[in-house]
Amino acid sequence: MKKRKVLLIGWDGADWKIINKLMEEGIMPSMNYLVNNGVMGNLATLDPPFSPMLWTSISTGMRPDKHGILGFSEPIPETIGVRPVSSTSRKVKAIWNILTQKGYKTHSVGWWPSHPAEPINGIMVSNHFQKMNDNKPTPLLVGAVHPPELTGLFAHLRIHPSELTQEHLLPFVPKAAKIDQDKDKRLFHIAKNIAESSSIHAATTWIAENQEWDFLAMYLDTIDHFSHGFMNFHPPKMQGTPDEMFELYKDVITAAYRYHDMMLGRLLQLAGKDTTIILVSDHGFHSDHLRPKVIPDEPAGPAYQHRDYGIFCMKGPGIKKDDKIFGATLLDITPTLLYLYDLPIGEDMDGVPLVQSFENPKEIKTIPSWEDIEGEAGMLPTEFQEDPYDAQESLKQLVELGYIEEPSDDMKENVERTIKEADYNLSRVYIGAYLHQKALPILEKLFNNEPDQYRFAFRLVECYKFIDKIDKCEEILNIYIEKEKKNILTNEDIKKIQQEKMPENLSEKEKENYERKRSTKLTTNRRIYRDLLQADLIQADICISKGEVKKALAIFQQIEKVASRSRGLYIKLGNAYLKLREWDKSIASFRKVLEIDPENAVAFHGLAIGFLNKNNYESSIESALDSVNLLYNNPLAHLVLGEALFKYGEIKNAENALKVCLTMAPSLGKARNLLIDIYENYLNNPIEAQKTKDYFKTGKIHSNTKEKTIIQEFETGLNIAQPRNIQRKELTNPIYIVSGLPRSGTSLMMQMLEKAGLPILTDNKRKPDENNPKGYYEYELVKKLATENKWLKNSINKTVKIIAQLLPQLPARYQYKIIFMNRDIDEVVMSQHKMLVRNGKAKEDTLPLNLKISFTKTIKKVQSWATKNHNVDILYVNHSDLIQQPEKEAKKIIDFLGIDADYQKIASVVDEKLYRIKK
Amino acid sequence: MNNKKLVHKKSKEILKNLYDKNEVFNTEDGKIINVNKDGSLGLLALGYRGLIAWRKAKKSNVK
């Protein structure tokens with residue numbers, strides 16, 4: 001068998017939207033070859049989408065909280081200052097270290113960050129290699145090349161922009177002669193990008209052709225750089241772009257991609273057909289009407305131009321051909337590389353191998369961590385490795401102790417700003433990993449220092465919302481709004497600024513400064529206005545969390561008046577309408593999102609739900625498919641797809657969709673119940689049915705926090721199909737529920753279970769009275785079950801009273817053991833009436849007998865619901881039997897609950913004197 | 001002041017070999033590509049070989 005050889009190519013910021021179009025036009029033939037002979041798909045990025053963090057996640061399979069690269073710059077460990085992020089700050093092994101450790105010949109060129117170069121089993125050319133002073137060629141930085149004896153060679157393979165001629169530049173800017181280069185420096189930037197990418201390419205081709213290699217990685221940042229500089233000139237012309245600028249620079253992006261394709265062609269040639277080629281980008285780039293007109297005035301603000309999906313394609317022996325894969329994230333690249341080399345995946349890695357890309361997937365091997373594996377991994381000696389943030393702390397202390405000179409204010413400010421941004425980035429990483437509790441203290445500190453920074457305020461609110469501290473959300477938001485409102489200009493102020501006359505006798509420079517100041521005032525005001533609108537959106541979200549959907553809707557409608565092209569607004573509006581079960585309005589809102597952004601997976605998902613509830617199954621299937629094609633890793637979209645297919649009669653396809661859903665979210669009870677139903681009643685497959693049921697025995701509630709979050713957001717309030725005719729269940733870690741119609745003996749049963757030693761969930765807000773002398777055992781939040789059920793997560797193994805009418809509102813992700821009190825309906829109606837009379841709310845002579853029909857229906861509904869749901873086990877206890885033979889019933893209850901308790905003690909609770917209403 | 005860069009003998013040897021070699025580049029249909037002092041994106045896309053060939057062309061033009 002041939003040894004596996006892999007070429008990993010990184011194109012920062014490359015985007016399928018542009019590539020697909022250029023492939024169709026025949027402008028990217030090499031890319032087209034790669035795609036047609038391998039697999040392709042989106043590569044989901046991470047938040048924050050900052051390249052050094054992302055490329056380190058690609059090369060380690062870990063999130064930045066683990067790998068330690070937290071931004072573009074970092075404090076210099078040995079002094080008070082700032083430098084670009086470096087390889088010495090990476091806390092874990094990169095793929096080149098692991099492969100070195102396993103004896104593979106490994107090379108890397110230009111990866112960000114990889115300076116200083118690491119002593120791997122091959123050549124490493126660092127990310128500073130291609131950077132040169134703008135004016136003249138400069139010497140290669142010390143440490144840029146491993147082994148150092150090749151420094152001279154690689155230094156020579158660098159190209160300085162001044163070397164380039166019109167032959168290189170005209171394909172990018174055919175009318176370059178018209179540019180006044182004294183005023184417009186863009187042509188120089190184009191030359192610089194061409195020079196830098198060509199330098200990296202020259203180094204890579206030399207290694208590919210002259211060195212033995214098992215793994216070769218190369219990274220180009222130039223598509224991203226071209227995109228930041230020139231995407232706003234790319235056709236279609238953006239509103240506000242001057243015609244002459246558009247005419248000059250409209251070809252730059254296409255030329256950049258074409259040049260990258262030419263380089264790719266050469267690399268494919270050198271690699272040969274037996275080499276596995278992987279081409280990835282860390283994020284995409286908006287190239288259409290979604291290009292932001294204004295870049296937020298914040299550090300790394302240009303990242304707002306990024307799209308959430310980068311590119312992934314892979315071609316090679318054993319890889320599927322001309323196929324599309326779904327669900328890849330940039331965390332999956334290193335696990336996939338390890339899988340290709342038949343090496344185990346570290347269990348501490350956050351990604352998984354993309355096995356769906358392979359013709360014959362093999363077993364995935366794992367080890368706890370590659371960090372524990374000893375041996376030469378080609379890492380820099382430990383004395384080089386240092387956490388720059390810790391180092392800065394100790395430096396600060398040395399300054400305070402007088403051992404080091406006090407740095408200048410500028411330097412101090414730089415370091416402080418760098419640390420602040422790294423902290424903020426880390427908090428975003430935690431939020432992205434659903435570790436909100438870890439993000440909280442960081443954001444608290446940032447917000448307390450700068451309460452008018454919208455980004456700190458909004459993310460802090462997000463964290464508090466995640467942990468259900470809604471009061472804190474409101475408090476933070478109010479502090480922010482109060483602070484920010486003070487900064488907003490009145491119409492009068494604005495008018496004054498606009499009409500202000502520039503003082504006379506100013507120099508050119510003073511005039512420029514004057515203009516800049518004036519325009520900054522107006523831009524800042526627009527920014528504040530936009531952020532306050534965002535605060536309103538968050539306020540509406542808070543209302544939804546509190547169950548005040550209509551209030552939220554009113555806020556959304558207000559915002560719509562001033563921001564009618566906001567995707568975020570219409571998504572929220574659509575979701576609010578879903579909660580209110582206003583299907584047509586929700587569909588209309590999601591359609592508006594798609595008018596703005598035709599590739600919005602969330603909008604398609606919302607549409608699928610709306611159509612499903614309107615029994616328009618075909619449209620629901622179509623929308624759900626669109627949603628999963630765009631964003632595969634959303635179990636709820638697969639669930640909706642499964643339901644729609646089931647209702648449409650496509651049982652086999654429904655089975656597949658539900659299986660995918662449960663792979664992603666095993667505890668999604670509704671999907672599991674429907675799948676069991678399909679196996680038992682439609683596909684006649686009792687073995688699969690049993691396997692699917694066995695999950696309930698595991699007692700798992702949620703396999704991970706992310707799953708929990710997704711499910712929590714959407715699980716209730718939607719019309720999810722319920723399966724039928726299923727027998728009962730072995731449940732672990734259930735929530736114990738006492739239920740029945742009001743006045744059917746539920747409080748009595750609560751007393752019995754309390755006596756049995758089960759923990760009772762009650763807030764005792766409703767005090768004992770004449771109607772229930774021994775107490776109601778109620779819990780206020782139960783009343784809001786339809787809109788708020790997060791409290792259930794703290795109710796596992798506890799006992800709570802829930803009236804029969806509310807039982808079907810229970811989310812399917814938990815398991816329930818229910819004791820349901822059955823009492824003669826006439827007695828219930830009479831008892832309730834008596835209670836209302838006692839409370840002065842009804843007259844004695846007006847017995848509402850029509851309630852009997854309604855109550856009977858409720859009981860039937862509960863019976864049907866309990867039978868259909870595999871996460872529900874129910875025991876019906878007859879009220880009169882309980883009164884007449886309490887000990888016998890107590891034994892039944894003990895047996896049902898599977899607890900060790902004294903039945904006589906439990907039975908002693910029953911006081912026949914309180915059984916006052918008899919037929 | 002001596003501005004001459006220090007280059008390790010290994011690098012020197014490789015560079016010498018690169019410059020000693022006379023490269024001929026062909027298009028897909030077999031035609032020889034003319035390498036002149038102005039260079040081209042196509043040459044740069046060939047990688048180090050194209051780069052060296054272009055630099056050699058520039059040097060000989062200067063001569």
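In this predicted model, Asp531(A) and Arg527(A) join their side chains in a salt bridge, with N to O at 2.8 Å. Both partners sit in helix 19 of chain A (residues 508-545), 4 residues apart, which is about one turn of the helix. Both are also buried. Glu827(A) and Arg823(A) make another salt bridge, this one at 3.1 Å from N to O. Glu827(A) has a relative accessible area of 7%, so it falls under the 20% limit for buried residues. Arg823(A) comes out at 12% relative accessibility and therefore counts as buried too.

Lys420(A) and Glu450(A) pair up across a stretch of sequence. Their side chains form a salt bridge of 3.1 Å, N to O. Lys420(A) belongs to helix 14 (residues 409-432) of chain A, while Glu450(A) is in the loop between helix 15 (436-449) and helix 16 (454-466), so this bridge ties together parts that are 30 residues apart in sequence. Glu450(A) is partly exposed, at 22% relative accessibility. Salt bridges can also link up into a network, and one such network takes in Lys175(A), Glu247(A), Lys250(A) and Asp251(A). Over all chains, the count of salt bridges comes to 51.

Next, the nonpolar side chains. In soluble globular proteins, nonpolar side chains tend to be buried together. Here, the largest nonpolar core holds 86 residues, and the ones with the most contacts inside it are Met31(A), Phe154(A), Phe172(A) and Ile190(A). Helix 11 of chain A (residues 252-271) gives this core its largest share, 12 residues. For a closer look at Ile190(A), leave aside residues up to four places away in sequence: Ile190(A) then touches Leu169(A), Phe172(A), Val173(A), Phe226(A), Phe230(A), Tyr249(A) and Val252(A). A second core, separate from the one around Ile190(A), has 59 residues, with Phe604(A), Ala624(A), Phe646(A) and Leu675(A) among them.

Chain B is built from 3 helices and has 0 strands, giving the pattern α-α-α along the sequence. Of its 63 residues, 32% are buried. Among the contacts in chain B with a separation of 6 or more, 37% are between residues 24 or more positions apart. The exposed surface of chain B is about 4,600 Å², and carbon and sulfur atoms supply 52% of that area.

How does chain B meet chain A, and how many residues are in contact on each side? On the chain B side there are 25 residues, in contact with 28 residues of chain A. Together the two chains bury about 2,200 Å², with carbon and sulfur atoms giving 65% of this area. Leu41(B), Leu44(B) and Tyr48(B) supply 28% of the area that chain B buries against chain A, more than any other three residues. Polar groups take part as well: 16 residue pairs are in polar contact across the interface, both residues being at pLDDT 80 or more. The interface also has 3 salt bridges. For Arg55(B) and Glu163(A), the side chains meet in a salt bridge at 2.9 Å, N to O. At least two residues of the side of chain B that touches chain A come from each of helix 1 (9-20), helix 2 (41-45) and helix 3 (48-62) of chain B. Helix 3 of chain B provides the largest share of that side, 7 residues.

A few backbone details in chain A round out the picture. The peptide bond from Asp47(A) to Pro48(A) is cis, with omega near -5 degrees, and Pro48(A) lies in the loop between strand 2 (39-44) and helix 3 (51-60) of chain A. The bond from His115(A) to Pro116(A) is cis as well, with omega near 0 degrees. Pro116(A) is in a loop too, between strand 5 (106-109) and strand 6 (124-125) of chain A.

Positive phi values turn up in chain A at residues that are not glycine. Arg743(A) has a phi of about 70 degrees and sits in the loop between strand 17 (735-740) and helix 30 (746-755) of chain A. At 16% relative accessibility, Arg743(A) counts as buried. Asn797(A) also has a positive phi, near 70 degrees, and is found in the loop between helix 30 and strand 18 (799-801) of chain A. With 32% relative accessibility, Asn797(A) counts as partly exposed.

Key
Residues are numbered from 1 along each chain as its sequence is written. Chains are lettered from A and ligands numbered from 1 in the order in which they are written. Side-chain values use heavy atoms; hydrogens and water are left out. Buried means under 20% relative accessible area, exposed over 50%, partly exposed in between (1.4 Å probe, protein chains only). Contact means heavy atoms within 4.5 Å. Accessible areas come from the Shrake-Rupley method with a 1.4 Å probe; for residues, only the protein chains shown count as cover. A nonpolar core is a set of buried Ala, Val, Leu, Ile, Met, Phe, Trp, Tyr and Cys residues joined through side-chain atoms within 4.5 Å. Buried area is the accessible area (1.4 Å probe) that two parts lose on being put together, summed over both. A salt bridge is a side-chain nitrogen of Lys or Arg within 4 Å of a carboxyl oxygen of Asp or Glu. A polar contact is a pair of N or O atoms within 3.5 Å; within protein, one must be able to donate a hydrogen and the other to accept it, and residues adjacent in sequence count only if both atoms are side-chain atoms.
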